[in-house]
Amino acid sequence: MNSSMITKLKEEHNRFFKTHKNQPIKVRIQYLKKLKIVLEDKELEIYDALYEDLKKPVFESFASEFLMVLKEIDSFTKNIKEWAAPKKVSGSLLNFPSQDFLLYEPYGTILMISPWNYPFQLAMVPLIGAIATGNTVVLKPSESAPNTSKVLIEILGLVFPQEWVSVVEGDAKIAQALLKVQWDYIFYTGSTQVGKIVAKAAAEYLTPTTLELGGKSPCIVDGTTPIEKTARRIVWGKFLNCGQTCIAPDYVLVKSEFKTSLITAIIEEIEKAFGKNAQKSDDYGRIIHEKHFKKLEADLKNQKIIYGGSIDKKELYFGPTVIDSPPMNSSLIQDEIFGPILPILTYDTINDIDIVLTQLKNPLAFYVFSENKKFINTLIKNNSFGGAVINDALVHFTNTELPFGGIGNSGIGSYHGKYSFDLFSHTKPIVKRSFWFDLPQRYAPYPKSISLFKKILKRI
Ligand code: NAD
């Protein structure tokens with residue numbers, strides 16, 4: 001697709017948006033319900049595509065992709081009428097008498113650029129929020145998950161007219177061409193590095209933008225929780241989707257005296273989940289492509305591997321791997337890992353934790369395994385992060401009542417459920433005045449002294 005085709009596409013969306021055909025709440029609900037029916041019909045095709053792209057086990061595809069999308073549709077069909085209704089707010093006494101209220105308007109056409117790691121739900125969940133809020137969407141899925149991309153085109157084409165929802169396939173070049181056009185909103189999910197490119201492009205037109213980015217999510221373990229269950233949850237969160245999860249525990253920070261027992265428990269849990277050879281397990285995925293595989297391979301150089309490290313480039317298999325105390329200046333610590341490598345760091349005091357978290361600040365997720373309330377509260381109060389889970393990993397993502405997003409390097413803005421509604425709507429504050437009362441002092445010629453005015457203001 002070249003730049004004139006992109007401009008034409010945007011114009012088609014503009015024209016459609018101006019017809020308001022997608023605006024009535026009952027039309028939005030009707031289309032959401034239609035979408036759900038088509039999704040249920042195409043469920044197996046979705047799992048096949050995810051298997052082709054990432055060798056995702058069906059259970060993972062169901063729990064971490066398909067179910068999330070259905071839950072988001074249900075959340076909007078149930079609540080959109082209430083969320084979108086005008087809201088009365090109390091008037092300011094300065095404007096007495098007046099009726100004050102809020103109206104919610106969609107932005108127009110939203111450009112969405114999505115990643116490959118959860119290629120179905122990270123495209124569909126924001127898209128559902130955007131269209132349920134009355135916008136139109138141009139989606140550019142990741143070129144690295146082409147099978148899922150095809151299914152997205154098929155499903156969305158069966159439900160929405162093309163000027164309401166369009167899918168543009170292509171790589172970074174196409175994304176850059178799309179970013180040259182003036183959109184009404186940009187929603188981007190991907191790496192922090194590309195997020196900066198998107199933000200710069202958006203600045204050209206002052207386009208409002210949400211950036212859902214990555215980062216290094218710590219997993220702090222103080223040894224007060226049951227070690228086996230702690231290890232099980234860390235292993236699940238880390239090795240789901242072969243570690244290619246934006247909110248996966250990036251590294252473990254364990255109290256020194258519990259390091260050995262935690263490592264033993266983590267290895268036991270890895271083998272319980274995937275056997276002694278994860279390559280033979282039906283429940284262990286693969287790395288998305290060779291470029292990412294090579295990045296992970298390079299991450300292992302000069303590191304102390306205490307478990308795993310087995311790889312098979314032909315199959316893009318990268319076994320679950322545990323690393324002991326990587327140097328702070330190595331790529332394993334400096335960059336987001338985004339793969340099945342789990343570094344174990346240790347601490348003795350809260351000051352040691354502070355030193356690490358100051359260096360790797362603003363993670364997308366923050367995990368603490370502890371039964372010590374004071375320890376937990378200190379950590380979650382003193383650190384800034386996208387979202388936290390105490391005594392588990394990843395699960396905050398699944399609750400549509402919670403906003404999902406990052407801060408600083410891990411992103412700007414958050415979504416899911418009502419938070420998507422707020423994100424994709426512009427809130428218009430309206431004041432309707434009456435003529436039966438006026439404070440005469442507000443008009444020139446003004447009173448010589450403001451003391452009487454101050455007294456009146458104090459009374460009202
Ligand atoms: P990526 O940034 O390489 O690509 C994401 C999208 O951006 C793709 O559609 C791609 O075509 C496009 N893109 C790539 N280069 C571009 C450029 N120069 N200009 C414009 N667009 C460009 O990210 P990825 O490899 O697909 O995903 C991995 C990253 O995404 C990780 O850092 C991960 O943490 C992050 N991520 C974040 C979330 C979240 O919800 N916060 C979710 C998933 C992944």
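I take a polar contact to be a pair of N or O atoms within 3.5 Å, and I keep in mind throughout that the model is predicted.

**Entry 1: polar atoms at the ligand**

With that cut-off I looked up the atoms facing the ligand, and I found that a polar side-chain atom of Gln176 lies 2.9 Å from a nitrogen atom of the ligand. Two further pairs involve the backbone: an N or O atom of the main chain of Leu213 is 2.7 Å from a ligand nitrogen, while a backbone N or O atom of Gly190 is 3.2 Å from a ligand oxygen. I then looked up how far the ligand is covered, and noted that the protein hides 89% of the 830 Å² of accessible area that the ligand has on its own.

**Entry 2: the shell around the ligand**

I next went through the 29 residues around the ligand, of which Trp116, Glu143, Tyr188, Leu213 and Glu336 come nearest; Leu213 is thus listed here and also supplies the backbone atom at 2.7 Å. Sorted by kind, the shell holds 16 nonpolar, eight polar and five charged residues.

Which elements each supply at least two residues of the shell? I wrote down α7 (172–179), β6 (185–189) and α8 (192–205), and added that α7 gives the largest share, with four residues.

**Entry 3: where the ligand lies**

I checked the pockets and found that the ligand takes up the space of the largest one. Why does the ligand lie between domain 1 and domain 2? Domain 1 (3–213 + 411–427) and domain 2 (218–405) both contribute residues to the shell, and therefore the ligand is placed between them.

**Entry 4: backbone geometry**

Before turning to the backbone I reminded myself that most peptide bonds are trans and that most residues other than glycine have a negative phi. I recorded a cis peptide bond from Phe96 to Pro97, with omega near -5°, and placed Pro97 in the loop that joins β1 (87–89) and β2 (98–106). Another cis bond runs from Ala444 to Pro445, with omega near 0°, and Pro445 belongs to the loop between β20 (425–433) and α16 (451–459). Finally I noted Lys55, which is not a glycine yet has a positive phi of about 55°, and which I located in the loop between α3 (43–54) and α4 (58–84).

Technical notes. Residues numbered from 1 in each chain as written. Predicted model: local features only at pLDDT ≥ 70, side-chain atom pairs only at ≥ 80, totals over all residues. Heavy atoms only, no water. Near = heavy atom within 4 Å. Polar contact = N/O pair within 3.5 Å; in protein donor to acceptor, adjacent residues only side chain to side chain. Areas by Shrake-Rupley, 256 points an atom, 1.4 Å probe, with all protein chains shown as cover. 1 Å grid on protein atoms, 1.4 Å probe; cavity = no way out; pocket = protein on both sides within 12 Å on 5 of 7 lines; lining within 4 Å. Sits in = over half its atoms within 2 Å of the grid points. Nonpolar A, V, L, I, M, F, W, Y, C, P; charged D, E, K, R; others polar. Domains from an automatic or database assignment.
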